[in-house]
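Please look through the sequence and the model below before reading on. The report that follows goes through a few of its parts in turn.

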Amino acid sequence: MKTLATALAGVIGVCVLAASPAISAPYDPFGTNDADEYYAGQTYSRAGAQQYDPYAGQYGASAGYGQGAQAAPQAQVAPIPREMVRFDPSYTPGTMVVSTSERRLYFVTARGEAIRYGVGVGRPGFEWSGTKKIVAKKEWPSWVPPQAMLQRRPDLPRYMAGGVENPLGARAMYIGGTEYRIHGSNEPDTIGQAVSSGCIRMTNDDVTDLYERVRVGAKVVVLN
């Protein structure tokens with residue numbers, strides 16, 4: 001299984017805080033699967049946490065089917081710690097705002113404040129923007145390679161149950177009207193990088209934290 005997981009991580013381009021943030025034939029609703037976001041042939045470096053300057057005068061981003069056998073989440077060292085920050089008060093609580101250029105996701109908790117997470121975003125040529133909604137949520141989602149990928153890699157498994165080796169990670173939130181997800185990852189070193197095929201990836205710890213806060217129907221705003 002470990003050998004298979006290692007092989008998958010080389011070809012698939014898919015998307016630690018225990019308490020509250022510190023202050024400073026599987027299911028696929030879109031008929032496609034983007035677990036091919038694990039980007040082959042790249043060495044990823046850790047990105048340092050961006051320091052928030054409260055006096056900079058700018059707000060964060062704007063100036064039983066389909067679930068495999070569950071496993072206990074594995075702790076990951078997040079290269080970018082999540083934290084509470086001031087945020088653009090025009091966004092309503094419950095909204096997620098993804099800043100592609102910053103490689104950050106903001107979950108708005110109240111007018112003027114948000115939790116900031118480090119994320120991986122689409123690599124060059126796979127960036128996108130728009131306003132969408134979360135239409136489904138899955139814990140430990142399973143993975144089925146799409147036909148286009150199987151044509152390129154007929155050696156890949158036709159199905160992979162959810163679990164710690166699955167490239168979709170511990171949780172997935174499906175973005176309506178797209179092929180994309182906000183999901184976990186078993187490669188935390190890619191967080192803060194532009195490596196995916198359009199999905200928003202997070203560490204398993206961060207995506208589990210966000211998953212508990214987000215409701216189906218929540219607004220997702222993706223900015224360039």
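## A helix among strands

In this model, which is predicted, the buried residues of helix α3 are N204, D205, D206, V207, T208, D209, L210 and Y211. Eight of the 10 residues of this helix, which runs over residues 204-213, are therefore buried, so α3 is largely enclosed by the rest of the structure. The partners against which these buried residues pack are β3, β4, β5 (113-118), β7 (130-139), β8 (171-175) and β9.

One of the buried residues of α3, Y211, also takes part in a contact between a charge and a ring: the charged end of R171 sits over the ring of Y211, at 5.5 Å from its centre. A second arrangement of this kind involves R123, which lies over the face of F126, 4.4 Å from the ring centre.

## The nonpolar cores

In soluble globular proteins, nonpolar side chains tend to be buried together. The largest nonpolar core here has 25 residues, and those that touch the most other members are M96, L105, I134, M173, I182, L210 and V214. Two or more residues of this core come from each of the elements β3, β4, β5, β8, α3 and β12 (219-223), and it is α3 that gives the most, with three residues.

What does I134 touch, if residues up to four places away in sequence are not counted? The residues in question are M96, M173, Y174, I175, I182, V214, R215, V216, G217, A218 and V220. Apart from the largest core lies another one, made of eight residues, among them V85, F87, Y106 and A114.

## Aromatic pairs

The structure holds three aromatic pairs. In one of them, the rings of F87 and Y106 have their centres 4.7 Å apart and their planes at 20 degrees, and because planes under 30 degrees apart count as stacked, this pair is stacked. F87 lies in the loop between β2 (83-86) and β3 (96-99), whereas Y106 belongs to strand β4 (residues 104-110), so the pair ties together parts that are 19 residues apart in sequence.

Are F87 and Y106 buried or exposed? Both F87 and Y106 are buried, and together with Y91 they form one aromatic cluster.

## The annotated active site

An unreviewed UniProt entry places the feature "active site" at H183 and C199. Although these two positions are spread over 17 residues of sequence, they cluster in space, with a largest C-alpha distance of 7.6 Å.

H183 is found in strand β9 (residues 181-183), while C199 is found in the loop between β10 (194-196) and β11 (200-201). The relative accessible area of H183 is 0%, and since buried means under 20%, H183 is buried; C199 is likewise buried, with a relative accessible area of 0%. H183 can also be compared with T203, which lies 20 residues away from H183 in sequence, with a distance of 8.3 Å in space, C-alpha to C-alpha.

Definitions and conventions:
Residues are numbered from 1 along each chain as its sequence is written. This is a predicted model: local features need pLDDT of at least 70, side-chain atom pairs count only at pLDDT 80 or more; totals for chains, interfaces and linings use all residues. Side-chain values use heavy atoms; hydrogens and water are left out. Rings of Phe, Tyr and Trp (its six-membered ring) pair if their centres lie within 6.5 Å; planes under 30 degrees apart count as stacked, over 60 as edge-to-face and the rest as tilted. Helices (H or I, at least four residues) and strands (E, at least two) are DSSP runs, numbered from the N terminus. Buried means under 20% relative accessible area, exposed over 50%, partly exposed in between (1.4 Å probe, protein chains only). A charge sits over a ring if NZ of Lys or CZ of Arg is within 6 Å of the ring centre and within 35 degrees of the ring normal. UniProt positions are given in the numbering used here, feature names are shortened, and annotations may be inferred rather than shown by experiment. Contact means heavy atoms within 4.5 Å. A nonpolar core is a set of buried Ala, Val, Leu, Ile, Met, Phe, Trp, Tyr and Cys residues joined through side-chain atoms within 4.5 Å.
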